[in-house]
2 protein chains.
Amino acid sequence: MADLFICLDIGGSKILGAVMNEKDEILLRVKKKTKPELGREAVDDRIKSVIHELISTYGVGKNDLKAIGAGAPGVIDTKNRNVRYAPNLPWKDHALGRIMEEEFKVPFVMGNDVNVGVLGEWKYGAARGYSHVIGIFVGTGIGGGIIIDGKLFTGSGFAGAEIGHMTINTEGPLCNCGQRGCLEAYSSKIAITRELRAGIDMGMPTVLADILAEEKGVIESSDLKKAVLQGDRLAISTLQRAAYYLTAGIGNLINIFNPEIVILGGGVVEALEEEVLSLVKSNIGRFAWPHMLSRTRIRAAELKDDAVLYGARALISEILGY
Amino acid sequence: MADLFICLDIGGSKILGAVMNEKDEILLRVKKKTKPELGREAVDDRIKSVIHELISTYGVGKNDLKAIGAGAPGVIDTKNRNVRYAPNLPWKDHALGRIMEEEFKVPFVMGNDVNVGVLGEWKYGAARGYSHVIGIFVGTGIGGGIIIDGKLFTGSGFAGAEIGHMTINTEGPLCNCGQRGCLEAYSSKIAITRELRAGIDMGMPTVLADILAEEKGVIESSDLKKAVLQGDRLAISTLQRAAYYLTAGIGNLINIFNPEIVILGGGVVEALEEEVLSLVKSNIGRFAWPHMLSRTRIRAAELKDDAVLYGARALISEILGY
C-alpha cells in the first residue's frame, strides 16, 4: 500500500493534475482545458474527470489516495474549502471542496493559486529553509504570496497578498482593476505589451512590430525574450522600465515585511531570469532600506509550471498533516 | 499582595513610566527627560531612576512587582530584549533587557514603540476584539504596527512594518531616509511643514506665517489644527494633500494585508481626527479594492499618549503570560 496524493492547478484556461507519492515525486500528469464558458457544473465535471483519469491511468488503489489538494485563482476560503470569488471562473460562493469530497471520499484542500505556488517554492523550491518569504509572480498580471513565520498568510478574509495592486505611483497609468499606478499597471505582461504598442505607434523600430500587429492579446514571454536577446532597443527599454517599477514594489514589500527571501517567478521572469534579476538587484537599493536589504536574498523561483502542483501537496501537508 | 507592573514609553526626548495593577489601571505616572546626548550609560541610568521613583513613590512591595515592559524607538529584538539599533538614542546592539533585569530582578520585555502602541490599541483601545489590525501613527514621521491573526508581526529581523517608507510615488520628493516618494515624505509633520513653508515662500497668505518663521522644527499639531479650524486655505489644502497620500498608503496596506480594521493615530490625527478620518474615507475607494474595503473598518486610535504604556502591559501579557 502506498500513500498517494492528487494535486491540481486549476486555471482559467487549463486544469493541470498530477499523482504524487509520499516522497513528493510526480508520478503522472494529466492536462485538460477548463472551458469556463461552459458554466459551473461543466467546470466541476472537467475537474472530476481529470482526477478520475489520474486515478484510473495510474491505477491508484482505493485506499492509497489520501487527499486531494488544489490551487485556483480568486479568493479561496482555505478553512472551509469554498471558492468565495474567482473572476476567471464561473464560481461565486461555490462549495467546491464539499462537491469533490462527495465524489472522491477523501479530504480536499484548496487555496489561491499564487499563494499555493509560493507555498510550493517554500517547501520544495527556491525558498526552502526560510520562514519569512515573499513570492512575486510576473505574468499577464502580478500575483503574490507571503509566508510569515513558517505559515501561509492569507489576510482576514483570504484576500490578502494582492501585491499587484499596490499603488507605486498615485498618479500613474490606469490599471485593469480601475485604480491608478498599481504595480501591475507597470510591470505585468499587460503593461509591457501596452508600452511596446505605444512605442510602435510612435514609429520606434522593433522586431516585435509584426508579432504585435498579429497578436491581439498580451505578448508571449518567449517573444519578448527573443527580442531582448537580439538587442532590440524598444524591447530592452520596456523590460528595463517594467523591472524598475517591479523593484519599487519589491522594495516596499521588503520594508513592510522584513523578509528573509524574495522569490521572483512567472512567465516574464522565467524567460528573462538573468536580465530581470540583475535589473532588480541594481535598483533595489533605491527602494529598500539598507538595514533590511542586507539581510534579504532575492532569487528566481525554481518550480516553474509545477509550482502550484507542489504547493497543493504542501497545502495538504500544512492542513491535514500528511 | 498585589500583582503590579511597570510600563515604560522610552522616547528620544522623554521617558514616560507608569505603575499598573492587575486590572490594567494606571496607578502612578513619572516622566523624565531622556537626554540622549549624555550617552548610553546616562540614558540607562535615567530609565532606572524612573523605575526606582515609581517603585518608591507608589510603594511597590518587593514581591508585588511582576514584570517591566517597555516600548522604544528603533529595531528591538523582542525575543532577546536587545536594542539592535535606535537612530534617536545612543544604543546599538545594546542589552537593555539584561541590564534592567540585573537591577530590578524581575523579567523585562520590550518592543518597538509603534508596534507596542498598536498592541495597546488592540488589547485596550480602538482595535479591541479584532485579529487582523493595521495601526498607522502620523507624527513627525510615520510609523506602523501590524497584528496578524492575533499576534504582533515584527518581520524576520524585528524591523518590519516600516510602512512610513513605502514608496507611493517612485519619482516623488526625497524622504529623510534617502529614498524618494515614501509615504512619510507626503503625510508626516515633516512633509506638512515643508509644504507649508513652500506655500509661504511662494507668497500664499496664511495665519501660520509667523509661527513657522519663529519655529525652526516641524509644526505643532495644535497650530495646524487652529489654522485649519480658522479656515486657513494653505493649511487646509496642505492637510488635504497629506491625507490624500496617507489614503494611498492605507489602500496599499488594505490590499496587501486584508485587515479587519485600520487604526489611525499620532499627533496629526489626534489634533484633526474628524477632518483626517473624513478625508481618508472619501478617498480610500480610489486605492483599496472594494471587496476588501467593504470588510475593513477605519477608526481613530483611542489611547493617545498612553498607547505605548498600555502596549507595554500587553507585551508583558503576550510574552510572559501575566
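Here is a chat between a trainee and a mentor about a predicted model of two chains.

Trainee: Before we start, what are the ground rules, and what ipTM does the predictor give the complex?
Mentor: Residues count from 1 along each chain as its sequence is written, chains are lettered from A and ligands numbered from 1 in the order written, and side-chain values use heavy atoms, with hydrogens and water left out. As this is a predicted model, local features need pLDDT of at least 70 and side-chain atom pairs count only at pLDDT 80 or more, while totals for chains, interfaces and linings use all residues. The mean pLDDT (the predictor's confidence in each residue, from 0 to 100) of chain A is 95. The complex gets a pTM of 0.92 and an ipTM of 0.89.

Trainee: How much area do chain B and chain A bury between them?
Mentor: Contact here means heavy atoms within 4.5 Å, and 46 residues of chain B touch 46 of chain A that way. Buried area is the accessible area (1.4 Å probe) lost when two parts are put together, summed over both. Of that area, 53% is on carbon and sulfur atoms, and the total is about 3600 Å².

Trainee: Which three residues supply more of chain B's buried area than any other three?
Mentor: Together they account for 18% of what chain B buries against chain A. They're T170(B), I256(B) and W289(B).

Trainee: How many salt bridges are there between chain B and chain A?
Mentor: You'd need a side-chain nitrogen of Lys or Arg within 4 Å of a carboxyl oxygen of Asp or Glu. The whole structure has 27 over all chains. Between chain B and chain A, though, the count is 0.

Trainee: What kind of axis relates the copies?
Mentor: Superpose by least squares on C-alpha atoms of residues with pLDDT of at least 70 in both, and chain B lands on chain A with an RMSD of 0.0 Å after a turn of 180 degrees and a shift of 0.0 Å along the axis. The copies are thus related as by a two-fold rotation axis.

Trainee: Within chain A, which residue meets R29(A) in a salt bridge?
Mentor: The N to O distance is 2.6 Å. R29(A) sits in strand 3 and its partner in a loop, so the pair ties together parts 277 residues apart in sequence. That partner is D306(A).

Definitions and conventions:
Helix = DSSP H or I, 4+ residues; strand = E, 2+ residues; numbered from the N terminus.
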